Amino acid sequence: MLPQTETSGDRVARLERRLQRERRAREEAEWLLEAKSLELYNANSHLTALANDLEMRVLDRTHELEVSRQQALFLAERDPLTTLANRVSFARDLDAAIRTAQAHGGSVQLLFADLDRFKEINDTYGHAVGDAVLLEVASRLSTICRGTEMAGRLGGDEFGVICITPVESERARQIATEIMEAMSKPIDCGRLQLIVSCSVGFANFPRDASDSPTLQRFADVALYHSKSSGRSTWTEFDDTMAAELHSRQGLEVELRAAVAAGEIEPWYQPIISAESNRIVGVEALARWQHAERGLILPGLFIPLAEESSLIVELGRAMIDRCCQEIHPLIRDGRLDYVSINLSPRHLRSPSVVEQVLKILARHDFPPSALQLEITESLLLFDFEQAEQRLSQFRTRGVRIALDDFGAGYSSLSYIRRLPLDVIKIDRSFARDISDDRQSEAVVKAIVQLAQALDLQIVAEGIETESQAERMTSCGCSIQQGYLFGRPMPLNELMRHLKAKGS
Ligand code: C2E
Ligand code: CA
Ligand code: CA
């Protein structure tokens with residue numbers, strides 16, 4: 001059968017169908033394409049967002065790293081508590097200042113400042129208070145520095161100031177004076193108000209030293225000088241100090257050996273009763289019989305011993321020897337007591353009570369015939385600890401005397417609160433009493449106070465008959481001084497007692 005020929009109408013219809021099919025296919029393709037590109041677009045945007053996010057994070061991280069790097073740099077250069085320059089960067093700045101002065105002329109002054117008895121503030125009030133004090137000190141130091149001057153914290157309570165001047169100048173002295181003034185103002189630590197003094201020493205480049213290590217050493221020597229001349233003062237280095245320091249260090253080594261070898265011996269000064277005209281007791285005063293220097297007085301070696309725990313050993317040796325030497329005199333009724341100076345540092349040593357009681361027991365020495373003399377300076381810190389130890393002594397029968405009363409801080413509340421038996425009136429009152437009505441009035445007031453508190457009074461430093469009479473008329477009849485006898489070795493004391501009929 002022959003194929004039917006397509007009519008033109010059929011052909012149009014076929015072509016239209018085809019066209020439709022093709023349109024649908026294109027529309028489908030376009031739709032697919034659109035969907036695909038949307039998908040792609042979405043995917044792309046997501047990727048961009050991811051990339052952006054990543055980029056932001058990288059930027060943040062870089063910033064963080066930079067901040068930590070800056071912080072690390074800051075910490076490497078700065079003291080974290082006070083934010084002053086630390087020891088390392090202070091030393092570097094000092095070196096730089098000296099190099100500049102070497103190259104272009106000018107002078108560099110190095111000041112060291114050290115707080116007096118800061119350790120005791122820390123021990124007594126805790127580290128938070130200690131930190132507050134250091135912060136305030138740092139802030140006061142920064143206020144004093146101007147221009148190129150720079151303050152640093154070199155260690156615990158040690159600070160330094162570098163001062164650069166075109167020619168040698170007065171500036172370091174001025175800074176030192178300003179530091180003293182600034183530190184004399186009380187520091188507020190919450191409910192506490194603390195007074196911290198400080199000592200300053202300084203040296204000058206190129207006048208005193210030609211390099212940085214020597215300058216530092218000399219500033220330190222000057223500081224040491226301030227400390228040993230009673231603290232709370234400033235000292236400018238001069239050449240004599242280095243030699244002095246050298247001989248001082250030599251002396252300390254010798255003193256250590258002398259204490260160990262028993263070469264520190266007690267001398268005894270009579271304490272008399274004006275009423276009975278009898279020697280009632282003696283005060284033991286340390287003497288050092290030095291092979292080359294002869295007799296050395298305690299004013300020279302006691303402060304040296306007090307700088308270290310050597311004073312504890314020295315004090316122990318003194319008490320031991322006094323108990324041994326004086327025991328026969330007590331036993332025979334020729335003396336009532338021996339009075340021995342107890343250093344603040346010795347009283348702070350934890351085993352002091354036990355140590356003294358052991359010595360007493362070993363010599364069979366009656367505790368009531370021992371009197372310990374303490375000074376007020378010890379009471380400024382650790383009042384409660386001191387009070388406790390003194391009470392322990394007293395319950396065992398040992399008597400406690402407050403030495404040099406009226407010479408120092410003389411807080412009347414101490415006398416009331418402390419377990420005391422005796423007050424020794426400082427010898428400055430005896431010196432002034434003959435020609436000063438005010439001293440007489442003060443002595444009378446002290447005597448009245450002592451009587452009210454049931455304390456015995458001893459007047460020290462009596463040199464003349466008139467001083468003795470006036471003290472007696474003020475109600476102070478127990479007396480000690482050159483008038484009745486200077487400190488003397490044991491054999492001389494024996495003769496002296498015999499001559500007095502006891
Ligand atoms: P201190 O405890 O006030 O002792 C009295 C000082 O005054 C002694 O000086 C004594 O010789 C001196 N003196 C006594 N009568 C007179 C006087 O009429 N006029 C004058 N101008 N002075 C008089 P010394 O022996 O040089 O002792 C000085 C200080 O050394 C003592 O002062 C005491 O604080 C300390 N010291 C002495 N021995 C010891 C010791 O064994 N241990 C401790 N921790 N300190 C001691
Ligand atoms: Ca004394
Ligand atoms: Ca005294």
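Q: In this predicted model, which nitrogen or oxygen atom of ligand 1 pairs with the side chain of Glu463, and at what distance?
A: A polar contact is read as a pair of N or O atoms within 3.5 Å. Here a nitrogen atom of ligand 1 is 2.5 Å from an N or O atom in the Glu463 side chain, while an oxygen atom of ligand 1 is 2.9 Å from a polar backbone atom of Tyr482, and an oxygen atom of the ligand is 3.1 Å from an N or O atom in the side chain of Glu283.

Q: How much of the accessible area of ligand 1 does the protein cover?
A: Of the 800 Å² that ligand 1 has on its own, the protein covers 83%.

Q: Which elements give two or more residues to the shell around ligand 1?
A: They are β9 (278–290), α8 (298–306) and β13 (399–405), and β9 gives the most, with four residues. By class, the shell holds eight nonpolar, five polar and seven charged residues.

Q: What are the protein donors of the calcium ion (ligand 2)?
A: The donors are Glu283 (OE), Asn341 (OD1), Glu373 (OE) and Asp403 (OD), at 2.1 to 2.3 Å from the ion. Asp403 also bridges this calcium ion and the calcium ion (ligand 3), the two lying 3.7 Å apart. Because Glu283 lies in strand β9 and Asn341 in strand β11 (residues 337–341), the pair ties together parts that are 58 residues apart in sequence.

Q: Is Glu283 buried or exposed?
A: Buried means under 20% relative accessible area, so Glu283, at 3%, counts as buried, whereas Asn341, with a relative accessible area of 32%, is partly exposed.

Conventions: Residues numbered from 1 in each chain as written. Chains lettered and ligands numbered in written order. Predicted model: local features only at pLDDT ≥ 70, side-chain atom pairs only at ≥ 80, totals over all residues. Heavy atoms only, no water. Polar contact = N/O pair within 3.5 Å; in protein donor to acceptor, adjacent residues only side chain to side chain. Areas by Shrake-Rupley, 256 points an atom, 1.4 Å probe, with all protein chains shown as cover. Nonpolar A, V, L, I, M, F, W, Y, C, P; charged D, E, K, R; others polar. Donors = N, O, S within 2.8 Å, 3.2 Å for Na, K, Ca; no water. Buried < 20%, exposed > 50% of the residue type's maximum accessible area, 1.4 Å probe, protein only.
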